[in-house]
Amino acid sequence: MPARPVLTLYLGDVVRLRRAHPCGGDRWRIDRLGADIGLRCVTCERHVLIDRVALERRVVEFIERGDAELT
């Protein structure tokens, strides 16, 4: 299996994922980086943790890029 490059993520990025959250929102703000990525739903403010590999598969697009200096 060929190795894929690691997706560059910054704190404050807003991403759209493949499936919508049960509240109907499909935009998530990245608020924690590490082995697990912390996401906060922009619509309902619900916080979830997801592992990096799963997030990289589910990201469709970047809506807004965060600040690289915060990261």
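From the N terminus on, the chain runs β-β-β-β-α-β, which amounts to 1 helix and 5 strands. Helices here are DSSP runs of H or I with at least four residues, strands are runs of E with at least two, and both are numbered from the N terminus. The model is a predicted one, so a word on the ground rules: local features need pLDDT of at least 70, side-chain atom pairs count only at pLDDT 80 or more, and totals for chains, interfaces and linings use all residues. Residues are numbered from 1 along each chain as its sequence is written, and side-chain values use heavy atoms, with hydrogens and water left out.

**Overall dimensions**

For 71 residues, a compact globule would have a radius of gyration near 11 Å, and the 12 Å of this chain agrees with that. The radius is taken over C-alpha atoms, and the globule rule is 2.2 Å times the number of residues to the power 0.38. Along the principal axes, the C-alpha atoms fill a box of roughly 35 × 30 × 20 Å. Of the contacts between residues at least 6 apart in sequence, 43% join residues at least 24 apart; a contact means heavy atoms within 4.5 Å.

**The core**

Buried residues make up 25% of the 71, where buried means under 20% relative accessible area, exposed over 50%, and partly exposed in between (1.4 Å probe, protein chains only). The largest nonpolar core has 12 residues, including Leu9, Trp28, Ile37, Cys41 and Val59. Such a core is a set of buried Ala, Val, Leu, Ile, Met, Phe, Trp, Tyr and Cys residues joined through side-chain atoms within 4.5 Å. At least two of its residues come from each of β1 (14-17), β2 (27-32), β3 (36-41) and α1 (52-58), and β3 gives the most, with 3 residues.

Let's look at one core member in detail. Leaving aside residues up to four places away in sequence, Ile37 touches Leu9, Ile30, Arg32, Val48, Leu49, Ile50, Arg52 and Leu55.

**Two residues with more exposure to compare**

| Residue | Place | Relative accessible area |
|---|---|---|
| Ala3 | segment before β1 | 78%, exposed |
| Glu45 | loop between β3 and β4 (47-51) | 48%, partly exposed |

Glu45 also has a phi near 70 degrees, a positive value in a residue other than glycine. As for Ala3, its C-alpha is 12 Å from that of Val53, with their positions 50 residues apart in sequence.
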